[in-house]
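Let's take a walk through a protein model together, one stop after another. Keep the picture open and turn it as you read.

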Amino acid sequence: MKMVTLSGGNVFADLGFANPEGELLKAKLVREIRRVIKRRKLTQTKAAALLRLKQPDVSALVTGRVGKFSIDRLVRCLDRLDYKVDVVVRR
């Protein structure tokens, strides 16, 4: 019989990441960047020019290899795509 473990709502916390909230935020930002690239039908080369990144970095974003991207860098990418990021702090 297989055991099922319910998620606490953040897969990165469930997996024991050191900064699960930061990793979840990065994942959400990357998901939005990928959506914009896909919606605009941008090649990786065109996306790289818009984002002011190298094409291999765009490839890393598209394939989810985002370890070297900071939250700040991802927010700048969205800004270069004419998107604004709002931070909401709640208690």
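Before we start, one term: two residues are in contact when they have heavy atoms within 4.5 Å of each other. Also keep in mind that what you are looking at is a predicted model.

Let's put that term to use with Leu50, which you will find in helix α3, residues 44-51. If we set aside its neighbours within four places in sequence, Leu50 is in contact with Arg40, Leu42, Arg80 and Leu81. Take the last of these: Leu50 and Leu81 are 31 residues apart along the chain, and yet their C-alpha atoms are separated by 7.0 Å. Is Leu50 buried, exposed or something in between? Its relative accessibility is 35%, so Leu50 counts as partly exposed.

Now move along to helix α4, which covers residues 55-62. Its buried residues are Asp57, Val58, Ser59, Ala60 and Leu61. What covers them? The cover over the buried residues of α4 includes α2, α3 and α5. Just after this helix, look for Gly64, which follows α4 and has a positive phi, near 85°.

One of those buried residues deserves a second look, since Asp57 carries a charge. Asp57 counts as buried because its relative accessible area is 9%, and the cut-off for buried is under 20%. Which residue does the Asp57 side chain meet in a salt bridge? The partner is Arg73, with 3.2 Å from N to O. This pair links distant parts of the chain, as Asp57 sits in helix α4 and Arg73 in helix α5, 16 residues apart. Arg73 has a relative accessibility of 21%, so it counts as partly exposed.

How many salt bridges does the structure hold? There are six. Another of them joins Arg35 and Glu32, whose closest N and O atoms are 3.5 Å apart. Here both partners lie in helix α2, three residues apart, which is about one turn of the helix. Arg35 counts as partly exposed because its relative accessibility is 43%, and Glu32 is partly exposed too, with a relative accessible area of 22%. The story goes on from this pair, for Glu32, Arg35 and Arg39 are linked in a network of salt bridges. Elsewhere, Lys84 forms a salt bridge with Asp79, and their closest N and O atoms are 2.5 Å apart. Lys84 counts as exposed because its relative accessibility is 64%, whereas Asp79 is partly exposed at 37%.

Go back to helix α2 and find Lys26. Lys26 is buried yet has no salt bridge. Where is the nearest side chain of opposite charge? It belongs to Glu23, 4.2 Å away, while a salt bridge needs the nitrogen and oxygen to be within 4 Å. Leaving aside its neighbours within four places in sequence, Lys26 is in contact with Val66, Gly67, Phe69, Ile71 and Leu74.

Our last stop is empty space. Rolling a probe the size of a water molecule over the atoms shows where such space is left. The largest pocket has a volume of about 190 Å³. Two elements, α2 (20-39) and α5 (71-80), each give two or more residues to its lining. Among the lining residues are Leu25, Leu29, Ile71 and Val75, together with Asp86 and Arg90. What classes of residue make up this lining? Seven are nonpolar, two are charged and none is polar.

Technical notes. Residues are numbered from 1 along each chain as its sequence is written. This is a predicted model: local features need pLDDT of at least 70, side-chain atom pairs count only at pLDDT 80 or more; totals for chains, interfaces and linings use all residues. Side-chain values use heavy atoms; hydrogens and water are left out. On a 1 Å grid over the protein atoms alone, a cavity is a set of points where a 1.4 Å probe fits but cannot get out, and a pocket is an open set with protein on both sides within 12 Å along at least five of seven lines; lining residues have an atom within 4 Å of a point. Grid points are joined across faces, edges and corners, and a volume is the space filled by probe spheres set on the points. Helices (H or I, at least four residues) and strands (E, at least two) are DSSP runs, numbered from the N terminus. Buried means under 20% relative accessible area, exposed over 50%, partly exposed in between (1.4 Å probe, protein chains only). Lys and Arg count as positive and Asp and Glu as negative; His and the chain ends are not counted.
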